[in-house]
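Biologist: I would like a close look at one part of this model, worked through in a single connected answer. Please begin with one side chain and build outwards from there.

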Amino acid sequence: MSVKRISDEKEKKNIARCILEALPDWFGIPEAREEYISGSEGMIFFAAYDRERPVGFLYLKETGKSTVELYVMGVRKEYHRQGIGRELFKAAKKAACEAGYAFMQVKTVRMGRYEEYDRTNRFYLAVGFQEFEVFPTLWDECNPCQIYVMALG
């Protein structure tokens, strides 16, 4: 497994589409999925490969002068629990530090709503994020938004 920073905009979109379409439990709403795919343009983007096959990706989005958001991350389900997410995160955190950001945030569905997202929450906590705030209706009442933050540097 290897992690590479991707700069080609078409390649970013192809990788995002390939991974997100394989993860309907997390990215099953077509409009949201397409927004993530098209939103990859211009972002700090990393992909994980098993040989030549992309198996995961993430990208960062600037949300303030000092803050970057881990905006979207996906790893093919058959590759979960193999350290790929951690390696992607490690590369992204290093890039965010090098770019001069002081904080990183990530949004997900609050713990206790869905098992898939409970695993996601546990991952973010395990890599060092801390609970910041819950916005019960940011997305909708069925999906309360949990925001995690981390100081960089």
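Which residue's side chain is joined to that of glutamine 105 by a polar contact of 3.1 Å?

Modeller: The partner is threonine 63: its side chain and that of glutamine 105 form a polar contact of 3.1 Å. Such a contact is a pair of N or O atoms within 3.5 Å; within protein, one must be able to donate a hydrogen and the other to accept it, and residues adjacent in sequence count only if both atoms are side-chain atoms. The model is predicted, with pLDDT of at least 70 needed for local features and 80 or more for side-chain atom pairs, while totals for chains, interfaces and linings use all residues. Numbering starts from 1 along each chain as its sequence is written, and side-chain values use heavy atoms, leaving out hydrogens and water.

Glutamine 105 belongs to strand S5, residues 103–109. Strands (E, at least two residues) and helices (H or I, at least four) are DSSP runs numbered from the N terminus. Glutamine 105 counts as buried because its relative accessibility is 14%; buried means under 20% relative accessible area, exposed over 50%, and partly exposed in between, with a 1.4 Å probe and protein chains only. Leaving aside residues up to four places away in sequence, glutamine 105 touches Thr63, Thr67, Val68, Glu69, Leu70, Phe129, Ile147, Tyr148 and Val149, where contact means heavy atoms within 4.5 Å.

The strand as a whole is largely enclosed by the rest of the structure, because five of the seven residues of S5 are buried. One pairing partner of S5 is strand S4, residues 67–75, which runs parallel to S5 and is joined to it by three bridges. Two strands pair if DSSP finds at least two bridges between them. Opposite methionine 104 of S5 stands valine 68, and valine 68 also appears among the residues that glutamine 105 touches.

S5 also pairs with strand S7, residues 143–151, in the antiparallel sense and over seven bridges. Two of the bridge pairs can be named: phenylalanine 103 with alanine 151 in S7, and valine 106 with tyrosine 148 in S7. Tyrosine 148 is also one of the contacts of glutamine 105. S7 is largely enclosed by the rest of the structure too, since seven of its nine residues are buried.

Beyond S5, S7 has an antiparallel pairing with S6 over six bridges. A hairpin of two residues links S6 to S7, and aspartate 140 has asparagine 143 in S7 as its bridge partner.

The loop between H5 and S6 contains valine 127. Valine 127 is buried because its relative accessible area is 13%. Its contacts, not counting residues up to four places away in sequence, are Arg86, Phe89 and Met150. Alanine 91 is 36 residues from valine 127 in sequence, and their C-alpha atoms are 12 Å apart in space.

Arginine 122 is part of helix H5. At 42% relative accessibility, arginine 122 is classed as partly exposed. Met111 and Glu115 are what arginine 122 touches when residues up to four places away in sequence are not counted. From the C-alpha atom of arginine 122 to that of aspartate 25 the separation is 17 Å, with their positions 97 residues apart along the chain.
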